[in-house]
Structures are given as C-alpha cells and as structure tokens.
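Dear colleague,

I am passing the structure below on to you, together with some notes on what came out of going through it. Please look at it before you read the rest.

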Amino acid sequence: MRIAVASDIHAYDPAVEKESSPSHLNISESASLPTRHPIAGLKKLIADLDLKADILICPGDMADKASTSALTYVWNELHSLKSLLGADRLIATAGNHDVDSRHKYNNFDAKGALQSLLPQFPGLSEQECDRYWARNFVLIEEERWRILLLNSSAYHGGGKDQAKEAGQGRISESTLSAIESALTKSDKRDLNILVCHHHLFRDNAIHESDYSEMDGADHLLRLLGSATHGQWVVVHGHKHHPKLQYGAGGSASPVIFGAGSLCASLYAELAARARNQFYIVDLDPMAASRHSLDVAGKIHAWDWIPNSGWKPAGMRSGLPHLSGFGYRATISAIASRIVGLFSTSDPFLRWSELVSNLPEIEYLLHTDVDAVLQHLKATHLIGATQSDRGAVVELARI
Amino acid sequence: MTQETVTPSVFESFNARNLSPKQVAERFIPPPRHFDDLMLRRNSLVVGPRGSGKTTLLKMLQLPALATWKHPDADRYRTQIDFIAVFVAADVSWGAQLGALGRNRLPQHATDLLGLSAFTSHVMIALIEAMNDCASGDPTTVPTLAGKYVNLSKQQEVALCQFISKNWQLTPILPTFQGLKLALRERLSLIAQIARRETVLPKEQLDERLASYDFLFLGFLECSIFAVEAFNDLVGQPEKRWAFLFDELEIAPQQIRRQLFSALRSTDRRLLIKLSISPYHEDAVILEGGGSAMPGQDYQPIELWYPRKEEGYQFSEALLKAMLAEAGAEPVNSDEVFGRSVFEAGDFERESNVSAYRPGTSLHRRFSNLAKKDSSFADYLGRHNIDLQTMHLLGETERAGVIRKGTSVIAVRENYRSNEGLSGAPTRLERSRKTPTLYTGSRSLFAIIEGNPRWFIGIVGPLIRDYMNHLRPVSRGIQARTITTATNRFRALLRTIPYSPSNSATSRGLLSLLDSVGEKFHDNLVQGPFNPDPPLSFVVDSHTSGEVLVALGKALNAGAIILAPDQTGETLLSSLRGKRFRLSYMLAPGYGLPLNLGRTMALSQILERATSGEPQLNLLKDHD
C-alpha cells in the first residue's frame, strides 16, 4: 500500500492576506512555473518520476486562517494531484486553519466553508462524510486496511473559552469511547492507520512553548498501543516539523509520522532544522511478515526549494530522502549483528551487502540508524560513509 | 491584486546545468558533426552562444549518460568513444563560491591560492565520481559500453583510495571512493574557513600561515595524472584514457581559465581536455600568443553554430523527427508539418524540374507585382532582357545568374514595398501591418531557429502539439504568430543587455545597436534601387569604437550575431575587428530581411548613417 502525504499547505489569498506570506502557495500566482509554485512543482515531480499512490492524504491546514477561496483552490488542486498519482482516494481531515474558529468569514458556522466544498470534504462517500462531521471520526474499511479518520479540530469555534479551544486539538471522552466500540466491532487488519491533524503528545524539539497537542490523546495512544486492535501507524500534521518515531508505551506502541508542511513559511528556528516536504509512504505487510515485524514501511521525502523546485530531501531536512520504520531492537543488539557480518578478508561492507544479510535494517528509523552508527564507531571502531541524502554507503573498521 | 506572472520563455526556461546525466540522455539528439568531433580522442574547445547545447554535449560523454541513452545511433557512439569522461560543472567549481572566499578583504594572491585549491578539490571530486561510475557500472546491461567498465575488488578500491589519499593529502574516514568524496567536501569547507579566518587575522604573517597548509599547493593536473595512473595500473589498463570536461569557462575566474587553456597543450596521452566556452572573451588572447595551444594541433575547435543555414538542416530534421516520434506521430517530413518555405521556390524548381517561374505560379505573381509597383525592379528586368511571361523558358544557368539568386530579396521587397504610384515611399506604419507569413514553412523555420536546440524545443514543441491535434500542416497564421512571439521575446532579452554608445550618457540596450544594423539593411533592400544581392552581413572595420566592440561581443555570446567563416578559422575571439558577421535569423522577421548571408558592408558605414535618436520600431506586432 502506498500513500502520498501533502500536509499543512496553508495556501493564502493575497486579496485577504495583505501583510505577510504564510506560505509559498499564493493562490493568485501563475501555476506555470514548477520552480516557484509548489503545486505546479509537485505535478512535475509526479510526472518526472512517474510517482503513483493508492491514497493521497492531507492531514489538515489546506488553507491559512480559514480563507474560503484558498480552501476551494487547494481542494481542487488536491483532486488533480490525486488523479495524477492514479490514487483511488483523497482523504483529508480538518486542521485548525481550515475551520473558521475566529469567525472571520461567518459569525456562527465555523466549519460551514469546509462542509460546502465539492466533492464533499473530507473526500468520502456522503454517508461517510456525514459520519465524520456528526461523530468527529469515521472508520474507513477496505479488505486489507482501515483508516481511522479523526477530526481533532471538532470543537474549534465553540467551547466555553473559544480562543483557548482554538489553540489546541481535542478528542473527547465520548469520541474515544465511540472509537473503541467501532474498533471492537471491526475486524483486525494488517494495516491500521490513524489520520488526524494535531500531534498526540507535547513534542517540542526546539524550546518553544507549544501546548497545541490534542487533549485526550493519551487515552487514544493507550488504546492504539494496546495491541488489541492491531499495530497502528499515525499520520498527523500541524507541527510543520517532520518527525518519524514510535509512541510511548510497550512494543506495540504506534508508529507516529508527523508530516512536515508541504509549503508553509517556516519560522526561523524551525527553518534551520527542517524543510517543506512531500512524502510517499510505502507500507509492506509481506515484508513485515517475512521479517516477523508488526509493521514494515519506508518513507521517501522531497524538499521544496523555492526557485529550484522539489528535490530529494537532504540530511538536515527533517526526514531524509529515505527512512524506514517498523524494525525495533536495542541499538547494541543491532550493532552486534552488524559486527558479526564483518569478515577478516573483507575490507568494507557496502550498505547493499548489509541489507541482503540483515534485511530488517531497511525498516530501522533513520534516527536509530544514526544511533547504530555512533555505537559502531564508539564501541567497535567501525566507521561509515553517508551520501548527501543521508543514506549509509559503506562501513569499515577504522 | 496583480501578481507578476512570468511565462518561461524559450530563451531562459531550460538549462542542462541542473539535469543529471541520465536526465540529459533521455532526450538527447546528437548534432551530427559536432558530437562526432567531440567523441574523438583529442582535446576539444566547444564554442557556442547561449542555448547552443554546450553543457548537454559535454554531459552526454559521461558513462551514466551513455549507458541510459536510447537513440538509433547510440551504440555506434558508445563503441566509438574510448575515454572515461570526468565532468567538472562550472556552477559549483567557481563563481559564487570562490567569490565568497574573502574577496576584497584578502590580498589577490591569497584569494587566487584559495580559489585554485577549491577548484582542484572540485576536479578531484569529479574524478573520484567518474572512477566510481567506471568501477560500479554493470557491464552486462549495455554491451557496447562493457569495455569501459572495470572490475575493481574491494581490496583494490581500498588500496587505490589509500594511495590517492596520500598523494592528495587527505585523511578520509574510510579509504573508499565515498570516503574520499567526503574528505574532499570537508576540505572545501576548510578552505572557506581559512578564507574567513584570514580576514580577521593580522596580515603580516598571512603568507606563512597559508604556506603551512600543504594541500593548498596541490595542482589539479598533477594530482589528476597521479590518480589516473594509479587507477590504470591497478586495473591493468595503462593506456586507459580520461577526458576532463570543463563547462562554462566564461564564468570561471581568469586564473582558472588560463590554467585550462594551457592544459590544452598537455601531452600526457592518458589525459584529454575538453572545454566549453562562449565565442567572445577578452582574454581569449591567451590562446593567441606564442607558445599557446594551437587550434587543429593541440585541440580541435567545435563551433556550435551554422553560418550557412543549410548546415543546420540535418540537425533540425533529426530533432523534429524525434519530437514527432515522442508525440506519437507517424513519420512525416518537415514539409508535411510546416509546408514549404516561401523563399524556397527556386530550389524547388531545380529539384523537381517543374518551373515555378511559369505564369500563374505564386512566384510569378510576386515577380509581376513587384515589377508593377517598383520601377527599379522593372528596369533591372529590362536591363537583363527578362520578360516575365517567358521567364520559365530561360535556361537554368541564365536564370540562376539574374533571377534565382535574387528570389528571397524579391520576396522581401515585394512584401514590404508599397505601391509607388499611390503613396510614395513606404512608411514604417504601413510596413508594420504586414503579417510575416513570409517567414513560414519548414526551411525558414529551421533557419530562424539557427540549429539552437533550446530554441528548437521551445518553438517547435507547441507547433507539434497543434499538428497532432489536427493532423494537417500547421497553418501559416499559427506559424507566423509563433515566430513573431519568439522574435519579440528574443528582442526583449537583448534589450536587457546593457550597451552604452560613446555619444550617449545612458545605456540603451544592445538591441538598439542591432536595430541600427537591421534597419539599415532593410531600408537598403526595400527602398534603395533593386539589387539582387544586397548587403546582409557586416565587417567590423577599424573605425568601430571600443564600446561597440564590447557590445558586439555580448551580442555574439547571446547568439544575436553569427560569425561568418573566413580563412583564419578562428572560433574563439578576443577581438572582433576584421571579422564578418550576420544578424541571427531569429531577428530577421523583426527587420524584414531575407534569410541569406548576403554581401558585406563595413559596420562603421552602417552606424554612421543610422539616424540617431529616432525611435526604433519593430515590424512585428506582438501576438502574446
């Protein structure tokens, strides 16, 4: 199963947004230059590399500050990306910027603009869309996979303290209980994916004061990590800081993919650590069962470089061009297995040789790969070379 | 809110600089003579204006490009090539990076030393990459390239890299190709660090401090020879050749250009040097002095332009064929897509033995029209005893001398000349109403495109889409509009290139100079007494001012003027004086000129008579 992810687009309409440029996507700008227009660039990237996907996911914030013209623009563009990718579905969820929580455009109906989009938002059948809006979640089930689509911005524009509520995500107790009951009724699948906008726990890599995580998500994480309903992969947006990690808990804790923003302007501290990114996520249940893993996946990432277009992600872009997930073991155990592959006659080990002997390594988080390399160097005097894109090229005793 | 909406024009949208070798190979059509020459086991100097395909040609010599290239002739070229190409890109090796190395705050010799060292490091990286390609390619996938690849064991790679590291004074993390590359990247950042540090340290001990870094004194040529020799010995192919390709020399710092020009004299049989540069450069004089490299002897010049339009037709036909095939069209010839050129009637007659001169033909009509409204043309016919009614009965030699030679001139004169009896001399306004369908048809289109692949793709691409939509020849109107747009965009580009005439305090843009020439030729041809062979090219004579010379150099590099061949065979020019040029045919529709080289006129004579201060009008109304 292959999923394309375009998150936090934050498109803006310069007729409304006169002061600043919250994104590289200005909806009045000519879409003819793939080096200056992120969506035009993406179309070129998809054509050049003949990229295909089964599903295109947008985990929220299509528009900036609920601009209705930008919402319509992006929704249309996402549909054309969906057809270019040959995808069966486009699935989105509401981000805090998609909902008119500050009532700029409408005095009482914060989600009216999203609900009037055509085709119906968030891209499902009429019945499924109704369920999404009515119950704040919908479980989309196919033979091999199920997607739990959650609206973590459901209470924006309302609540006792409207401004406070708009500043965070939320999953209520009743939603949580309804989800648990829906999952219990549903058959287990090899692939279980949660799509939501807000992040599930406070996760500030930079020392910023960000308390916008989803309130109530600790219970959700416990539910998904209990192994009762299968192994889960979470895809969320909101932070603009690309991150791939495992959730807290035991061995069944979910894989959590915090997608970076497709093209929002990044504030200075973040821009030093991350880039705007587009992703293709491959989930491979066959590989998982071959290697006795609960889940096995790879993510390819591309960076948006203004005036240059989409380029394979580099080492300091957030996610590197290629990262894996699903293979969990202690760093020292992995390092020992690698050391065992060195023979006395072989002066160095190519990554391809390592993969053929230890295929699970392709599903190691890129951060774990870095940790293994450090461990190899410090404990076993084994050094490695890496390519510009962060991929390990070869290892040798130093 | 109005946003700047810039449509990429054919003159700027595409640049092979940003493409990988594999991407270049996807669509590469070899310009026959040029690519054959470049394949030869000799040093080469590829000279051409912007967009003439210099970078593409060089990049195509690399192994990964050759390996992925799908073209009917690809196997022939792959068999023929007998060197491993090492491509040194200009944009990373020089320019901004070297410019940033403490310029203006360090003495020149220090900047030069650091700059050369950075350049050497880039050459080393390119060589290591080429060695890696050569050792890691799969010989079974493309049999005609099998001989280029070598089988290098891990032990050999380590031994080679250890050997090279010592000579290049590197301490890589791992003694592998990738390890060397990383170590060279680190060296590049060290060079930048040294430059920055030296800007704040006391200047007195600068030289001592610089001298303490041994690696700063490594030369790219010696180091390359060392590594090549080590590689060749290790794989048991002592004669294996390596061609170092240096692109866009015009943007390189002068010291590097000098080193590379002198490297053309290198006599090491394992090393070839192939350089690319734009045609005009002030210090091309390096190539002229005694002891400098000699064209034909030390290197082969490869000129990427076609002074005579016929020379470019073969390449244009090949490009068209490939683009039609890509669009899914049945194979057809260019006349079936664009129709015949208006200027071609004479040739047509010669080829088919059907006289295009007999009464009732379009050519005959044009001759008769002109004779009616142009007494000077009628006089000319009278003087040569030509009766238009019996013109088609004349012998080929008679007609060739008097009539056929002037067919294009007659077509232009008839098109732009109004009726003497009605309104006297034509005004600019009258001329501007003419739609230039005069320049349509396959051969005219090819001539206007000048064999420039970038222009070809940009101009012919949309026309092919039109052809595919209707599957009939592209209408003259659509062709005319496309040509008009292209000419006007090229003119807009030339307007942005500064030129300050000595009699003017402000810059008027290069276009104003070219306009003086183009309008002079047009006025001569259309309003002067009829002349079947009027001046259409110019010689830069001794009275030409320095400012004009500089401007012409820029025009040459932009492809706005084309060097006409002469006896000296010089291709890279340090001075334009004494040389003969024509205007690019891309500009011809704007001035109303035939697509011929024509007779020659002295430039000073043209400029002297050009009316100064008069607003310059373009004959073409923009159809954008």
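The notes below take up chain A by itself and then its contact with chain B.

Please keep in mind that this is a predicted model. Chain A is built from 12 helices and 18 strands, and because its radius of gyration of 21 Å is close to the 21 Å that the globule rule gives for 398 residues, chain A is as compact as a globular protein of that length. Its C-alpha atoms fill a box of roughly 75 × 50 × 40 Å along the principal axes, and 57% of the 398 residues of chain A count as buried. When contacts in chain A between residues at least 6 apart in sequence are considered, 67% of them join residues at least 24 apart.

Turning to the interface, 26 residues of chain A and 17 residues of chain B take part in the contact. The two chains bury about 1,700 Å² between them, with carbon and sulfur atoms giving 58% of that area; on the side of chain A, P347(A), F348(A) and T385(A) supply 23% of what the chain buries against chain B, more than any other three residues.

The rule finds four salt bridges across this interface, and R350(A) and E157(B) meet through their side chains in a salt bridge at 3.3 Å, N to O. Eight residue pairs are in polar contact between the chains. Strand 16 (349-350), strand 17 (382-386) and strand 18 (392-397) of chain A each supply at least two residues of the side that touches chain B, and by class that side has 10 nonpolar, nine polar and seven charged residues.

Best regards

Terms used:
Residues are numbered from 1 along each chain as its sequence is written. Chains are lettered from A and ligands numbered from 1 in the order in which they are written. This is a predicted model: local features need pLDDT of at least 70, side-chain atom pairs count only at pLDDT 80 or more; totals for chains, interfaces and linings use all residues. Side-chain values use heavy atoms; hydrogens and water are left out. Contact means heavy atoms within 4.5 Å. Buried area is the accessible area (1.4 Å probe) that two parts lose on being put together, summed over both. A polar contact is a pair of N or O atoms within 3.5 Å; within protein, one must be able to donate a hydrogen and the other to accept it, and residues adjacent in sequence count only if both atoms are side-chain atoms. Helices (H or I, at least four residues) and strands (E, at least two) are DSSP runs, numbered from the N terminus. Ala, Val, Leu, Ile, Met, Phe, Trp, Tyr, Cys and Pro count as nonpolar, Asp, Glu, Lys and Arg as charged, and the others, Gly among them, as polar. The radius of gyration is taken over C-alpha atoms; the globule rule is 2.2 Å times the number of residues to the power 0.38. Buried means under 20% relative accessible area, exposed over 50%, partly exposed in between (1.4 Å probe, protein chains only).
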